[in-house]
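Here are my notes on the model, point by point. Please read them with the structure open.

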Amino acid sequence: MNEYLPGLEGVPATKSNISDINGERGILSYRGYSIEQLAEHSTFEETTLLLLDGVLPTSSQLANFDHQLRRNRVVQYHIRELMKTLPSTGHPMEMLQTAVASLGMFYPGNECLTGSDVCNDLGYVHSMTVKIIARMGTIVAMWEHIRNGYDPIPPREDLTYAENFLYMLTGKVPEPEMARILDVCLILHAEHTINASTFSMLVSGSTLATPNSVMASAIATLSGPLHGGANERVLEMLDEIGSPDKAEEYVERKLDNKEVIWGMGHREYKTKDPRATILQKLVKDLLESRDDEANKSFEIAMAVEKAAEQRLASKGVYANVDFYSGILYKAMGIPTDQFTAIFAISRSAGWLAHWREQLGSNRIFRPTQVYTGEPSREYVSLDKR
Ligand code: COA
């Protein structure tokens with residue numbers, strides 16, 4: 001095949017049985033289970049194991065996995081020291097990429113990826129997966145304190161993943177409602193077929209790079225505003241608009257200038273992203289009895305969505321997952337620049353499920369290109385140019 005398709009639109013890059021999107025009908029499923037069912041009944045821990053193993057775990061399998069995650073939350077003192085040397089003004093995604101990449105130096109354990117064969121040691125793959133997922137939340141929460149000049153709060157083993165993250169972030173054990181909202185957000189963001197960051201993960205994984213390096217490449221890819229970074233841009237956009245009555249004029253102006261409306265549009269969905277629908281309801285329920293800045297952002301967001309629909313529905317462009325997630329995190333008191341890092345915590349589950357799948361039938365990625373440069377020509381020495 002020599003046809004070049006920009007952005008590889010419609011080009012299958014792998015075979016996978018982890019998740020599926022029906023973009024016309026707005027359906028997302030993980031291992032055959034709809035995202036709505038998982039958001040209602042599952043937990044991040046259970047959904048992670050489902051993504052990794054392909055089946056819903058029994059209670060003892062889940063308890064065992066949960067125990068492993070809890071036991072691996074602590075990171076080495078050296079990681080904390082390294083994080084302290086980073087500038088407090090740096091973006092949490094850049095910190096996360098640095099810290100996760102450095103984990104590979106402090107916890108090498110890459111023996112089965114150093115030979116010419118693909119790693120067949122499922123025990124190694126599982127153990128690295130658990131360690132990385134367990135530490136992602138720790139690192140993001142630690143950074144909030146380190147960048148403000150404080151020592152981080154150590155993790156607690158008696159809390160769920162979501163509870164522990166919020167506890168480490170704020171110093172308080174969260175209300176059950178807040179912990180459940182975060183848990184649902186983690187489920188919703190955990191996996192999404194071959195998006196840009198997962199593709200990046202597959203490409204680096206296919207070279208048999210170590211899992212922490214592979215994670216670092218996926219984190220970098222997620223950070224861009226066309227991908228995970230859009231949730232921050234949505235909040236900036238809502239602040240810039242200022243009030244719901246200015247939404248329509250803003251949308252018209254942006255579209256007339258051929259600029260994007262953040263949190264809108266998706267390569268796969270031609271209808272509203274099902275995760276946006278779930279998140280919108282969560283925001284609505286949370287803010288029902290409140291009258292604060294987050295409430296104002298929500299009202300502006302709904303006005304933007306309505307105005308954008310009039311102009312963009314004909315192109316199949318609707319709200320995506322990033323449109324409402326930022327407002328939810330804002331309402332939970334989470335700093336805006338941490339939104340994408342929380343996305344990365346959650347997506348580590350999907351990335352590592354794909355890493356494992358890639359190793360199961362590995363072949364290095366090496367696509368071709370359409371050369372558009374000069375034809376073959378003679379070198380001209382410096383004095384003759
Ligand atoms: N605002 C305005 N117009 C948009 C748009 C948006 N957010 N998203 C897509 N469109 C328009 C494009 O301008 C294009 O119009 P045209 O056919 O008249 O040129 C059409 O819809 C198709 O979009 P395209 O850019 O080809 O889609 P893509 O699949 O290459 O890009 C995104 C997908 C996500 C990168 C794109 O929708 C976008 O930039 N969205 C904003 C960033 C964002 O929210 N990212 C998070 C994704 S989860």
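1. Which residue takes a positive phi just after helix 2? It is Gly54, with a phi of about 90°. Bear in mind throughout that this is a predicted model.

2. Helix 2 itself spans residues 44-53. Of its 10 residues, 9 are buried, so the helix is largely enclosed by the rest of the structure. The buried set opens with Phe44, Glu45 and Glu46. Thr47 and Thr48 belong to it as well. Leu49, Leu50, Leu51 and Leu52 complete the list. Both glutamates, Glu45 and Glu46, are thus among the buried residues of helix 2.

3. Next, backbone angles outside glycine. Most residues other than glycine have a negative phi. Arg31 has a positive phi of about 50°, although it is not a glycine. Arg31 sits in the loop between strand 2 (27-30) and strand 3 (33-34). Its relative accessibility is 19%. Arg31 counts as buried because the cut-off is under 20%.

4. Leu208 also deserves a look. Its phi is positive, about 65°, and Leu208 is not a glycine either. The residue lies in the loop between helix 9 (196-206) and helix 10 (211-222). Leu208 is buried, at 13% relative accessibility.

5. Is Ser19 buried or exposed? Ser19 is buried, with a relative accessible area of 13%. It is found in strand 1, residues 19-22. The side chain of Ser19 makes a polar contact of 2.6 Å with the side chain of Glu191. A polar atom of the Ser19 side chain also lies 2.9 Å from the backbone nitrogen of Thr193.

6. The wider surroundings of Ser19 tie in with point 3. Leaving aside neighbours within four places in sequence, Ser19 is in contact with Ser29, Tyr30 and Arg31, among others. Arg31 is the loop residue with the positive phi. The other contacts of Ser19 in this list are Glu191, His192 and Thr193.

7. Now Ile181, in helix 8 (residues 176-189). Ile181 is buried, with a relative accessible area of 6%. Which residues does Ile181 contact, leaving aside its neighbours within four places in sequence? They are Leu282, Leu286, Leu328 and Met332. Take Leu286: it is 105 residues from Ile181 in sequence. In space, the two are 9.0 Å apart, C-alpha to C-alpha.

8. Where does the ligand sit? The space taken by the ligand is the largest pocket. In total, 19 residues surround the ligand. The closest are Ile261, Gly263, Met264, Arg267 and Lys315.

9. Three polar distances are worth checking by eye. A nitrogen atom of the ligand is 2.7 Å from a polar backbone atom of Met264. Met264 is also listed with the closest residues. A ligand nitrogen lies 3.1 Å from a polar backbone atom of Leu226. On the side-chain part, a polar atom of Asn320 is 2.9 Å from an oxygen atom of the ligand. How much of the ligand does the protein cover? On its own, the ligand has 860 Å² of accessible area, and the protein covers 64% of that.

Key
Residues numbered from 1 in each chain as written. Predicted model: local features only at pLDDT ≥ 70, side-chain atom pairs only at ≥ 80, totals over all residues. Heavy atoms only, no water. Helix = DSSP H or I, 4+ residues; strand = E, 2+ residues; numbered from the N terminus. Buried < 20%, exposed > 50% of the residue type's maximum accessible area, 1.4 Å probe, protein only. Contact = heavy atoms within 4.5 Å. Near = heavy atom within 4 Å. Polar contact = N/O pair within 3.5 Å; in protein donor to acceptor, adjacent residues only side chain to side chain. Areas by Shrake-Rupley, 256 points an atom, 1.4 Å probe, with all protein chains shown as cover. 1 Å grid on protein atoms, 1.4 Å probe; cavity = no way out; pocket = protein on both sides within 12 Å on 5 of 7 lines; lining within 4 Å. Sits in = over half its atoms within 2 Å of the grid points.
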